[in-house]
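Please open the model in your viewer and keep the sequence panel beside it, since this tour moves from one selection to the next and describes what is found at each stop.

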Amino acid sequence: MLSRAGKLDRLPDAPLAAAPVEAEPSPTPPARWRLDRRALVAAGVAMALAVTAVVAFRWGAAGSDSPAVVTPTPSPSDDGVLTVAEVYQVLLPSVVSIRTTGAGRDAASGTGVLANADGTILTALHVVKGAAAIEITYADGSTTPATVAASDPAKDIAALTAKDLPAVLVPAVLGGTPGIGEQVVAIGDQLGLTGSATTGVVSGLERSVTVADVGKLEGLIQFDAAVNPGSSGGPLVNMRGETVGIVVALANPTDAGTFIGVGFAVPIVTAAAAGGPPPPL
């Protein structure tokens with residue numbers, strides 16, 4: 001059965017090197033050059049610290065009510081790939097918790113991601129559909145009401161506008177479509193456990209599934225990072241710290257509604273378009 005935010009449905013439709021050459025060691029530079037080089041490095045570090053101090057002072061002294069917008073700046077290895085822990089640290093400030101109540105439905109919870117510098121939040125539509133009230137909790141612990149600004153039922157995607165923004169706004173960096181076998185990280189509030197991170201690989205692309213109360217969804221990313229009720233709307237992230245999808249469903253042939261190794265996400269380019277004008281990539 002397919003499940004989203006704790007609801008169940010059917011299984012998915014039938015888915016479709018040469019030896020290195022040793023370089024000659026460079027001659028050892030004279031001692032004076034080594035000393036001069038150290039002096040230059042020390043001077044450069046001092047200058048960088050001075051500039052950082054000035055920027056920090058100006059930021060902290062600013063009196064504007066607008067939130068400071070920060071772009072995540074991970075420190076990847078030489079090949080640009082982050083560890084799972086680094087991916088989590090990069091994305092966490094961009095992830096929000098969503099709670100909904102009222103209008104003839106039980107209280108529900110899900111996840112969302114800040115996808116633009118204006119504070120637009122992308123999530124799964126089924127998380128907020130029919131809700132009388134939506135509350136957002138940012139990574140810094142602050143909360144605010146939100147409303148649905150745009151949605152696309154055919155993609156199960158909604159864009160939310162929050163009444164208030166966090167003091168420091170960190171929109172996620174958006175990426176392209178991942179490849180099959182590529183490692184990914186899913187971040188969300190699965191089973192009410194806020195900010196949970198799981199990892200796996202992309203298992204397939206262009207999947208079509210039928211979801212209860214949603215209908216048939218097409219063009220999905222299939223992955224095996226663990227997701228459960230509460231994960232819906234959270235980001236699926238590649239190992240460069242880029243959000244590549246929005247989690248919308250999981251498959252389970254039993255009535256348990258929990259994860260058994262098959263999750264689905266709407267590609268981020270599709271989700272951004274479904275939620276209104278696409279954020280800048």
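Begin by selecting Arg 240 and Glu 182, whose side chains meet in a salt bridge with an N to O distance of 3.8 Å; the term stands for a side-chain nitrogen of Lys or Arg within 4 Å of a carboxyl oxygen of Asp or Glu. This pair links distant parts of the chain, 58 residues apart: Arg 240 sits in the loop between β15 (235-238) and β16 (242-251), while Glu 182 sits in the loop between β11 (173-174) and β12. Strands (E, at least two residues) and helices (H or I, at least four residues) are DSSP runs, numbered from the N terminus.

Before going further, note that this is a predicted model, in which local features need pLDDT of at least 70 and side-chain atom pairs count only at pLDDT 80 or more, while totals for chains, interfaces and linings use all residues. Residues are numbered from 1 along each chain as its sequence is written, and side-chain values use heavy atoms, with hydrogens and water left out.

Staying with the first pair, Arg 240 has a relative accessible area of 44% and is partly exposed, and Glu 182, at 22%, also counts as partly exposed. Here buried means under 20% relative accessible area, exposed means over 50%, and partly exposed lies in between (1.4 Å probe, protein chains only). Now add Glu 242 to the selection, and you have a network of salt bridges that links Glu 182, Arg 240 and Glu 242.

Next, select Arg 99 and Asp 189, where another salt bridge joins the two side chains at 3.9 Å, N to O. Arg 99 belongs to strand β4 (residues 95-101), and Asp 189 lies in the loop between β12 (183-188) and β13 (196-211), so that the pair links distant parts of the chain, 90 residues apart. Is each partner buried or partly exposed? Asp 189 is buried, with a relative accessible area of 2%, whereas Arg 99, at 31%, counts as partly exposed.

Then move to Glu 218 and Lys 216, whose side chains meet in a salt bridge of 3.9 Å, N to O. Glu 218 is partly exposed at 48% relative accessible area, and Lys 216 is partly exposed at 46%.

Finally, zoom out to the whole protein, where the count comes to four salt bridges. The protein has four helices and 17 strands, and 41% of its 281 residues count as buried.
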